Amino acid sequence: VTAFEGARIIVRDGSPAIEKGIIVVNGTTIQAVGANVQVPAGAQRVNLAGKTVMPMILDTHIHAPATREQNIRDMRRRAYWGVGAAMSMGTDEKTTDLVFQVRDETKTMPGTARLLTAGRGVTGIEKGREQSAYWVGTVGEARKAVQDNAKKRPDIIKIWVDDRDNTVPKLTPELYGAIIDEAHKQNVRVTAHIFDLEDGKGLLKANVDAFAHSVRDRDVDQEFLSMMKQRPNVTVNPNLPSPGKTWDISWLQGRIPADEYATVQKANIDDPKQAEMFGIQARNLKRLSDQGTRIVLGTDGNTPWAPHQEMEAMVMAGMTPMQVIVAATGRAAEFLRFTDTGTLQAGKSADLIVLDANPLDNITNTRRINAVYYRG
């Protein structure tokens, strides 16, 4: 039994942080959390005075590497950055069950974030692009793709409804309607990569469960907001782009390999076109968040430290630090259907990050990691 004492505790549910709180951990599980918790006799005591403790982060949108070794390394790096789990979104190789094997392994593997997967996603016929997803052109093919994927028990099914800047035919309402209908028959949810507002509306009418990107072509209108309001269980992962301005990336120095840092630094430039795209998506996120839409964090890549940058972008868009922390922890856990993590509560897995500064004052303080405790 270990008692973590004296820290500011962010539980995750949006309630005020507990000042000078105590977290009692028994083995892998949180036994008690609060300001006036009785520390069991004989417990090891860890003094966290002046620190802040929050749940580990959950990334709902990544694209996993191709080999088992790369996957395990990637999940270990994520744990180092305070990420407890990540879900690979639909580009996992069609010729292997590797990602499902790694998913099962990482449920109990020490020091390694959990991997979830959407298996192999579904899209239109995208000639010129690697066929890592099912290509479908008929309703029969669409339903068959879902049936094949569902046999492997994916955590969700990913679809792309995007013409890739007028270069490929996108899934039609008939096709994505069939995919969603078939997935629901198989008791699997569907999340959609979208770009255009009108596709977002069509997918809502077809009962999609989530968006793996928000609307990106224009500012959302009142009709879309009303449709979202009528569907309170629909989840949005905004996946914000770079804000188009130079980031402060000094926090990465010494914590990632020098060649990786040099690559990040080279791409770290001002980009007016990117800034315009960010503006659209930031305004859309703010409007959705303000009306109570279920927002979760996702980064759309395989960069282990990216959640910290995404959280900064979400605050830049107008969300509060507490709203962003909820999106990255408890709300993300609900979306991933975890019942054992995402919050600092009795009975939950002891998955927590100790920070040297308060992220409620400045969201970039999530990067000031003092320690990560995973499964106790």
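Start with the open sheet of three strands in this predicted model. Its order is β6-β7-β8, with parallel pairing. Select residues 57-62 for β6 and 114-117 for β8; these are the edge strands, and each pairs on one side only. From one strand to the next, the twist averages 20°. Now add β7, residues 83-88, which pairs with β8 in the parallel sense over four bridges. To see one bridge, pick Ala-85 and look across to its partner in β8, Arg-114.

Next, select helix α1, residues 68-80, and within it Arg-78. Is Arg-78 buried or exposed? Arg-78 is buried, because its relative accessible area is 0%. Show its surroundings, leaving out residues up to four places away in sequence: Arg-78 touches Asp-59, Ile-62, Val-83, Ala-86 and Ala-113, and also Gly-301, Asn-302, Thr-303 and Pro-304. Of these contacts, Asp-59 and Ile-62 fall within the range of β6 (57-62), while Val-83 and Ala-86 fall within that of β7 (83-88).

Move to a hairpin. Select strand β2, residues 18-26, and strand β3, residues 29-34, which pair in the antiparallel sense over five bridges. Val-24 stands opposite Ala-32 in β3. The hairpin has two residues between the strands, and Gly-27 takes a positive phi near 65° there.

The nonpolar cores come next. In soluble globular proteins, nonpolar side chains tend to be buried together. The largest nonpolar core here has 73 residues. Which of its residues touch the most other members? Select Ile-159, Leu-203, Phe-211, Phe-224, Leu-252 and Met-314. Centre the view on Leu-203: apart from neighbours within four places in sequence, its contacts are Ile-159, Val-161, Tyr-176, Ile-180, Ala-192, Ile-194, Val-208 and Phe-211. Another core, of 15 residues, lies apart from the largest one; Ile-18, Ile-30, Leu-48 and Val-53 are among its members.

Now go to the loop between β11 (157-161) and α4 (173-185), and select Asp-162. Asp-162 counts as buried because its relative accessibility is 9%, under the 20% cut-off. Beyond its neighbours within four places in sequence, Asp-162 is in contact with Val-168, Lys-170, His-193, Phe-195 and Arg-216. For a distance across the fold, pick the C-alpha atoms of Asp-162 and Asn-207: they are 18 Å apart, with the two positions 45 residues apart along the chain.

Stay in that loop and select Asn-166. Asn-166 is exposed, with a relative accessible area of 66%. Most residues other than glycine have a negative phi. The phi of Asn-166, however, is positive, near 65°. A further non-glycine residue with a positive phi is Asp-300, at about 60°. Find Asp-300 in the loop between β15 (294-295) and α9. Asp-300 counts as partly exposed, at 32% relative accessibility.

The last stop is the largest pocket, which holds about 730 Å³ of space. How many residues line the largest pocket? The lining has 28 residues, and those nearest the pocket centre are Leu-240, Pro-241, Ser-242, Trp-247 and Gln-309. Colour α7 (258-267), α8 (272-290) and α9 (306-316), the elements that give two or more residues to the lining. Of the elements, α9 gives the most, with four residues.

Conventions. Residues are numbered from 1 along each chain as its sequence is written. This is a predicted model: local features need pLDDT of at least 70, side-chain atom pairs count only at pLDDT 80 or more; totals for chains, interfaces and linings use all residues. Side-chain values use heavy atoms; hydrogens and water are left out. Buried means under 20% relative accessible area, exposed over 50%, partly exposed in between (1.4 Å probe, protein chains only). Contact means heavy atoms within 4.5 Å. A nonpolar core is a set of buried Ala, Val, Leu, Ile, Met, Phe, Trp, Tyr and Cys residues joined through side-chain atoms within 4.5 Å. Two strands pair if DSSP finds at least two bridges between them. Axes are lines fitted to C-alpha atoms, for helices over the stretch in contact, and angles run from 0 to 180 degrees between N-to-C directions. On a 1 Å grid over the protein atoms alone, a cavity is a set of points where a 1.4 Å probe fits but cannot get out, and a pocket is an open set with protein on both sides within 12 Å along at least five of seven lines; lining residues have an atom within 4 Å of a point. Grid points are joined across faces, edges and corners, and a volume is the space filled by probe spheres set on the points.
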